[in-house]
Amino acid sequence: MQGDPGSDPRVRELRAEITSTDHEIVSAVNRRLGLVRRLKEHKAAMGYSFLDKGREDELKRAEDAITEGRRLLQIGRASCRERVYSNV
């Protein structure tokens, strides 16, 4: 079938869901960044090291289970983690 996909109601519906999901993702990441910033401030005030190897390993194992070995998600997760820690 040829034509303008933008005029297809199902295409518009799915695109709207994608946009909504994108907004939810950005909101969740921003919320997490705020929490990490607060944690970092508290740890600094208490004299604790910011990074906790045990906690990082725990999070990685949990995230590996969520991504179920899907490489693209793992690469994206690693990239996000690096950017989050460099900006907090």
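The expected span of a helix is taken as 1.5 Å times one less than its number of residues, and helices (H or I, at least four residues) and strands (E, at least two) are DSSP runs numbered from the N terminus. The structure is a predicted model, in which local features require pLDDT of at least 70 and side-chain atom pairs count only at pLDDT 80 or more, whereas totals for chains, interfaces and linings use all residues. Residues are numbered from 1 along each chain as its sequence is written, and side-chain values rest on heavy atoms, with hydrogens and water left out.

The protein contains three helices and zero strands, and its elements follow the order α-α-α from the N terminus. Burial was assigned from relative accessible area (buried under 20%, exposed over 50%, partly exposed in between; 1.4 Å probe, protein chains only). By this criterion, 11% of the 88 residues of the protein are buried.

Helix 1 comprises 38 residues, from 9 to 46. At 1.5 Å a residue a span of 56 Å is expected for helix 1, and the end C-alpha atoms lie 55 Å apart, in agreement with that value. The N-terminal end of helix 1 is capped by D8, a side-chain oxygen of which is 2.7 Å from the backbone nitrogen of R10. This is a polar contact, defined as a pair of N or O atoms within 3.5 Å; within protein, one atom must be able to donate a hydrogen and the other to accept it, and residues adjacent in sequence count only if both atoms are side-chain atoms. After helix 1 comes G47, with a positive phi near 80 degrees.

Helix 2 covers residues 53–67. For its 15 residues a span of 21 Å is expected at 1.5 Å a residue, and the end C-alpha atoms of helix 2 are 21 Å apart, which agrees. The buried residues of helix 2 are E56, L59, E63 and T67. Viewed down the axis of helix 2, these buried residues fall within an arc of 70 degrees (the arc of the directions from the helix axis to the C-beta atoms), so they line one face of the helix. The face of helix 2 turned away from the buried side bears R61 and A65, which are exposed. At the start of helix 2, a side-chain oxygen of D52 comes to within 3.1 Å of the backbone nitrogen of G54. Just after helix 2, E68 adopts a positive phi of about 50 degrees.

Salt bridges were defined by a side-chain nitrogen of Lys or Arg within 4 Å of a carboxyl oxygen of Asp or Glu. A search of the whole structure yielded three. E13 is paired with R10, with the closest N and O atoms 2.9 Å apart. These two residues are three apart in helix 1 and are therefore separated by about one helical turn. E13 is partly exposed at 40% relative accessible area, and R10 is likewise partly exposed, at 45%.

In helix 2, K53 forms a salt bridge with D57, the closest N and O atoms being separated by 2.9 Å. K53 and D57 are four residues apart in helix 2, which means a separation of about one helical turn. K53 is exposed, with a relative accessible area of 62%, whereas D57 is partly exposed at 30%. A salt bridge also links R55 to E58, with 3.0 Å between the closest N and O atoms. R55 and E58 lie three residues apart in helix 2, about one turn of the helix. Relative accessible areas of 40% for R55 and 41% for E58 place both residues in the partly exposed class.

Aromatic contacts were also examined. K40 lies over the face of F50, at 5.4 Å from the ring centre; a charge is assigned to this position if NZ of Lys or CZ of Arg is within 6 Å of the ring centre and within 35 degrees of the ring normal.
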